[in-house]
Amino acid sequence: MIQTTALWKSVACLAILVRLLMCLAGVNNGSWPCSRERLVYSSQSFHSRIVVEGVQLRYRGTDPIVLQHPCGNSFVGGISPAIYLGEKVFLSFDGFESSLLPMTIPTHLATAPALVSAAVFVQETLIILAINGKVFIYFYKPSQSWKQTKGINSPVTEITNTICCYAPSDPNCDDISSFVLAYDEDNLIPDSHIFYSEDGGYTFQTLPMSPLLEGTLVNVYNFVSLSRLGILVSKPEANVTTAHFVYNLIYNIYSHQGTPFDIDGNEELMVTIPPGLRGFIMLWTKNDLVFSFNSGLTLEPISVLPTEKYVKYSLPKYEKGICNVAVTSNEVAALTKNNKLFYGTLDIVSTKMVLIGERNSSGSTTHGEVLMFDTIGMLTIVNPVPSNESGFYNFHKCTINVQDRLMNVRPHLQPCPVEILSGDFHNKMYYIDMKKVLYFNITFVPKPGTGAFPYVTVSNPHVLGFQAKLLQDGYTYDGNTKYRLQITALQQQFTGIAEQGFQDDLFHKKLSTLTVDIYNKGIFCIDMHPLTALIAMDCPPTKHIRPFKNITMCSKGLFHEAKLQNDFHYIIHRDIYDPIFLGRKHLDQDDLNVSYPYKMLGCPILWYYDSPWLPVLELWEDDKFVEYVSADFVLFEIYGMHNYDYLLTASEAKCISQPQNWNTVLKMQPFPNPNTAWNRISYKNCKVPNEEGPLVSASLKYQVLNFNEENRIIFSQYNGIYVFKVIVVDTIYSYCELSTFVSVYVLGALPESQINPVGMLIGILILILGSILMGYFFPKLLHLRKNVEMKSL
């Protein structure tokens with residue numbers, strides 16, 4: 001019996017009830033095995049005089065679909081927005097639990113018919129739609145408004161994106177959700193235009209295409225958990241059309257391709273990526289439903305478990321084939337044109353489905369019906385029903401408790417072989433920085449006699465490796481054996497297991513999911529979902545470096561902090577700075593008046609000019625001290641001062657290849673910028689062999705510093721403030737672009753003498769020579785004088 005629910009307003013209840021009963025007479029879709037069936041309506045659908053403005057949207061596809069925002073936990077009540085695409089388009093924020101007006105677009109943006117070919121949710125506030133070959137943003141929060149995107153200069157029919165739900169406020173997660181692809185399908189690759197957006201769809205840029213690609217463009221996806229873009233390409237061969245995925249690492253550089261599979265070129269191909277970033281992807285036409293657990297590298301058809309009511313091993317085909325598919329991170333349901341409903345759970349080992357219900361022969365097919373999952377194990381068939389009283393649409397909903405339906409399947413299905421599978425890492429995001437590891441513990445309790453055991457998978461084995469150990473860990477209250485699965489996750493490059501060519505590079509950040517599931521657990525394990533975490537091989541957002549300060553000007557009383565804070569200025573002489581950081585001297589320029597940035601630098605370190613200096617760096621994370629940085633780093637004076645030098649030469653630093661220096665790295669840039677010229681990507685360690693740059697100048701100053709090495713900064717005879725930017729360039733110390741600023745006040749240098757040292761030296765030599773001559777001739781003159789005086793006597 002159909003139940004009715006309503007959102008009542010202060011209206012005449014009797015009149016509404018009469019109209020409701022008249023309405024129900026025409027919407028009894030009957031005969032689905034519903035656990036709960038109802039017509040959802042609002043009172044305003046009976047008497048509202050609201051007139052829809054703009055052009056009504058209509059879905060271009062053959063069969064209607066519902067798209068749900070995957071991050072239900074991010075919304076009030078755990079109910080995510082959903083958009084119904086069919087003869088009418090509806091956007092619901094309560095799971096279609098109230099009457100809705102069809103969506104429209106302003107007439108100045110589109111003309112009738114406004115055909116929607118694709119739609120995707122982006123982040124938590126907007127939806128992007130392809131309408132009549134153009135791309136528009138619809139802001140459903142905080143205000144309802146439309147805007148056309150920028151940067152797309154050719155027709156677009158498809159839009160794809162991936163939403164990260166593990167930690168929506170995390171910078172990496174936000175970058176994933178903000179990346180959107182737009183393109184026109186069914187064009188030859190040379191004629192295709194793919195556009196990408198990194199700001200949530202506001203602006204797009206053209207994605208370069210490799211000239212080596214051949215075939216017809218079908219779809220493009222951002223396979224986040226594989227850290228690659230995937231392009232689905234089709235090619236006609238003889239009487240068959242085959243398709244395969246190709247994957248690129250850096251936009252137009254394609255690394256490898258997936259296994260080819262046959263497709264029917266005359267059928268509409270639908271592609272669905274289940275949420276969770278596990279690398280799952282599902283492709284279907286009315287005749288086929290195939291599934292991949294590795295981002296399309298291999299695909300397998302989904303088979304059916306035969307039962308008393310459905311004895312076949314495959315889904316219905318042709319005029320009885322698939323018309324609608326709904327998926328979650330762990331479940332899949334399919335509705336067929338001959339009114340059969342199938343259900344299955346996604347499994348890396350084998351994904352199978354089973355018939356859980358069908359419409360009785362008395363029920364008529366309703367074209368507008370679609371599938372959607374409300375929660376785990378609760379499936380709803382939704383169908384919009386127009387109101388006879390207004391422009392609103394009500395919704396007929398048939399909710400099916402999947403667990404109850406599976407209990408009625410004959411012969412009985414394999415029971416769930418596990419009682420407990422739990423871990424506190426599920427649905428969370430973690431970081432692994434360079435050479436670091438993560439530890440996870442999972443509690444696992446199998447049912448006695450089932451032989452069930454857990455297995456661990458990663459979506460991107462090129463970057464993430466793991467070690468797992470299963471240990472017995474006591475017993476439950478029921479006496480069943482309890483196990484603890486210990487997992488150590490680390491970068492694949494440092495496992496010592498994978499071959500060199502299998503590993504991705506260390507320079508760029510990568511992502512992978514790690515999942516723990518039960519091997520061949522069967523369809524019955526609805527509530528025993530896999531445990532998945534998203535792991536980023538990247539810089540943890542809170543990791544940074546700080547300069548260690550032991551003695552400062554303020555601690556010694558040479559300066560008061562109040563004086564530095566009160567717009568303190570100092571002068572840099574024109575002879576000791578170069579504005580383009582190349583160390584040029586004798587420039588025709590003025591002295592530089594510098595305002596000291598106290599908020600950024602604090603009080604300067606106090607240092608005696610005649611002592612070699614090395615900045616000591618501290619590594620911090622989550623406002624906690626981690627360690628002193630023992631990695632290679634470089635520095636430059638931010639105002640271009642160059643009256644300092646380095647202690648060691650290349651030979652003294654034990655270089656075996658030519659070391660880099662600031663002049664060489666700056667000259668490599670078209671627009672020299674010391675902030676970006678020398679970093680962990682461009683750094684080359686001179687202490688490892690380098691065929692491109694052998695050591696040719698052993699006397700060249702070595703400009704790389706390290707806490708554990710002897711190189712130091714040597715200051716000239718100068719009293720004043722230096723402000724250095726320190727940049728960690730060690731490639732394998734951290735994924736972070738670690739940098740900080742440190743100020744040093746150098747003192748103790750006596751003023752340089754204004755006397756010419758060469759003239760002084762000559763004068764001293766003349767004085768010495770004169771003294772020697774006087775010492776030699778003066779006695780002789782005295783003796784001669786005495787002789788003369790004696791002769792005169």
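Q: Two strands count as paired when DSSP finds at least two bridges between them. How many bridges join β10 to strand β11?

A: The model is predicted, so the answers describe computed features of that model. Strands of a sheet pair through backbone hydrogen bonds, either parallel or antiparallel. Here β10 and β11 (residues 145–148) run antiparallel and are joined by 4 bridges. One residue match to look for is Y138, whose bridge partner in β11 is W146. The two strands form a hairpin with 5 residues between them.

Q: Which strand pairs with β10 over 6 bridges?

A: That is β9 (residues 126–131), again in the antiparallel sense. I128 has I137 of β10 as its bridge partner. This hairpin has 2 residues between the strands, and N132 takes a positive phi near 55°. β10 therefore has bridges to β9 and to β11.

Q: How many residues of β10 are buried?

A: The cut-off for buried is under 20% relative accessible area. Of the 6 residues in β10 (134–139), 5 are buried, which makes the strand mostly covered. In a regular strand the side chains alternate between the two faces of the sheet.

Q: What is the strand order in the open sheet of 5 strands?

A: Read across the sheet, the order is β25-β29-β28-β27-β26, and the pairing is mixed. The edge strands, each pairing on one side only, are β25 (303–304) and β26 (322–327). For a case within the sheet, take strand β28 (residues 340–345) and strand β29 (residues 352–358), which run antiparallel with 5 bridges between them. F342 has L355 of β29 as its bridge partner.

Q: Salt bridges next. Which residue forms a salt bridge with E97?

A: For a salt bridge, a side-chain nitrogen of Lys or Arg must lie within 4 Å of a carboxyl oxygen of Asp or Glu. The whole structure has 17 of them. E97 meets R38, with the closest N and O atoms 2.9 Å apart. This pair links distant parts of the chain: R38 is in strand β2 (residues 36–42), E97 is in the loop between β6 (89–92) and β7 (104–105), and the two are 59 residues apart. E97 counts as partly exposed at 26% relative accessibility, whereas R38 counts as buried at 3%. A network of salt bridges links R38, E97 and K397.

Q: Where do D433 and K543 lie?

A: D433 is in the loop between β34 (429–431) and β35 (437–446), and K543 is in the loop between β40 (531–537) and β41 (544–547), so their pairing ties together parts that are 110 residues apart in sequence. Their side chains meet in a salt bridge with an N to O distance of 2.9 Å. D433 is buried at 2% relative accessibility, and K543 is buried at 11%.

Q: Which residues does S734 contact, leaving aside its neighbours within four places in sequence?

A: S734 is in contact with D433, M434, K543 and R680. Contacts of this kind are counted between heavy atoms within 4.5 Å. S734 itself lies in the loop between β50 (720–728) and β51 (739–747), and at 2% relative accessibility S734 is buried. A polar atom of the S734 side chain lies 2.9 Å from the backbone nitrogen of C736. S734 is also 9.3 Å from A631, C-alpha to C-alpha, though the two are 103 residues apart in sequence.

Q: What about aromatic rings: why is the pair of F625 and Y628 called edge-to-face?

A: Planes over 60 degrees apart count as edge-to-face. The planes of F625 and Y628 stand at 65° with the ring centres 5.1 Å apart, so this pair qualifies. F625 is partly exposed, at 39%. Y644 and Y646 also form an edge-to-face pair, with 6.3 Å between centres and 65° between planes. Y644 is buried at 15% relative accessibility, and Y646 is buried at 4%. Ring pairs join Y644 and Y646 with W613, F715, Y718, Y722 and F724 in a cluster. In total the structure holds 40 aromatic pairs.

Q: Which residue lies over the face of W620?

A: R546 does, at 3.8 Å from the ring centre.

Methods
Residues numbered from 1 in each chain as written. Predicted model: local features only at pLDDT ≥ 70, side-chain atom pairs only at ≥ 80, totals over all residues. Heavy atoms only, no water. Buried < 20%, exposed > 50% of the residue type's maximum accessible area, 1.4 Å probe, protein only. Polar contact = N/O pair within 3.5 Å; in protein donor to acceptor, adjacent residues only side chain to side chain. Phe/Tyr/Trp six-rings, centres within 6.5 Å; stacked < 30°, edge-to-face > 60°. Lys NZ or Arg CZ within 6 Å of the ring centre and 35° of its normal.
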